[in-house]
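Morning, everyone. Please have a look at the protein on the screen, and then we'll talk about its surface.

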Amino acid sequence: MDHWSDPVCLFLCSMFPCYRATLSLLQKEMAAERQKMVWEWQELRGFLEEQEQRLLSQLEELERAIVQRRDEGICRLSWEISLLSERGGEKGQQPLSQPLQGAGSTGGREDGTFWKPEPGFVEQEKRLSDFSLKSTMLQEVLLGFKGELESGGGVSSG
């Protein structure tokens, strides 16, 4: 609705010239505020899309590093098994095709040593934990932001 054709507005504008100027100024401020809000939301969307792409790229890089580390570990273990198999065959020891006592257990071995994760995996596990923490923080911020917007965000309507 056009405010200038409203009878009350016309009356007030004719009686109080400053009312028309004030109303015109308020309309200009509203238009400027609307433009500012649209621009800020566009900026926020762009920023969030950039961050999403950056984090997804880092996560893909981490996944590739984990797969590479796993493959390297498998190759190294395969090589060590073949060496042990050769040495076992030379000395007449128990063939590796038969299960080793304690193999696959999570506890300590007979000599008292325990399996230790490789340093590369520890680093990658920390990086993955950092991603998880960032995701949790983002979720908390998003929920707070949504709650603030849904509650009116401090904007009074009267």
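Helix α2 gives the nonpolar patch its largest share, five residues. Keep in mind that this is a predicted model. So who is in the patch? The members are M37, W41, L44, F47, L48, L142, F145 and L149. Together they have about 720 Å² of accessible area. Two helices, α2 and α3, each supply at least two of these residues. Helix α3 covers residues 119–150.

Take F145 as one case. F145 sits in α3. Is F145 buried, exposed or partly exposed? Its relative accessible area is 36%, so F145 is partly exposed. The reason is the cut-offs: partly exposed means the range between under 20%, which is buried, and over 50%, which is exposed.

Now the charged side of the story. E33, E40, E43, E49, E50 and E52 form a negative patch on the surface. Look at E52 in that group. E52 belongs to helix α2, residues 17–91. Its relative accessibility is 45%, so E52 also counts as partly exposed.

Let's step back to the whole protein. How many helices and strands are there? Three helices and zero strands. From the N terminus, the order is α-α-α. The protein has 158 residues, and buried ones make up 6% of them. About 13,700 Å² is exposed, with carbon and sulfur atoms supplying 60% of that area.

Last, contacts. Count those with a separation of 6 or more. Of these, 54% join residues 24 or more positions apart.

Key
Residues are numbered from 1 along each chain as its sequence is written. This is a predicted model: local features need pLDDT of at least 70, side-chain atom pairs count only at pLDDT 80 or more; totals for chains, interfaces and linings use all residues. Side-chain values use heavy atoms; hydrogens and water are left out. Patches are made of residues with over 30% relative accessible area and no salt bridge: like charges are joined within 9 Å, nonpolar side chains (Val, Leu, Ile, Met, Phe, Trp, Tyr) within 5 Å. Accessible areas come from the Shrake-Rupley method with a 1.4 Å probe; for residues, only the protein chains shown count as cover. A salt bridge is a side-chain nitrogen of Lys or Arg within 4 Å of a carboxyl oxygen of Asp or Glu. Lys and Arg count as positive and Asp and Glu as negative; His and the chain ends are not counted. The place of a charge is taken as NZ of Lys, CZ of Arg, CG of Asp or CD of Glu. Helices (H or I, at least four residues) and strands (E, at least two) are DSSP runs, numbered from the N terminus. Buried means under 20% relative accessible area, exposed over 50%, partly exposed in between (1.4 Å probe, protein chains only). Contact means heavy atoms within 4.5 Å.
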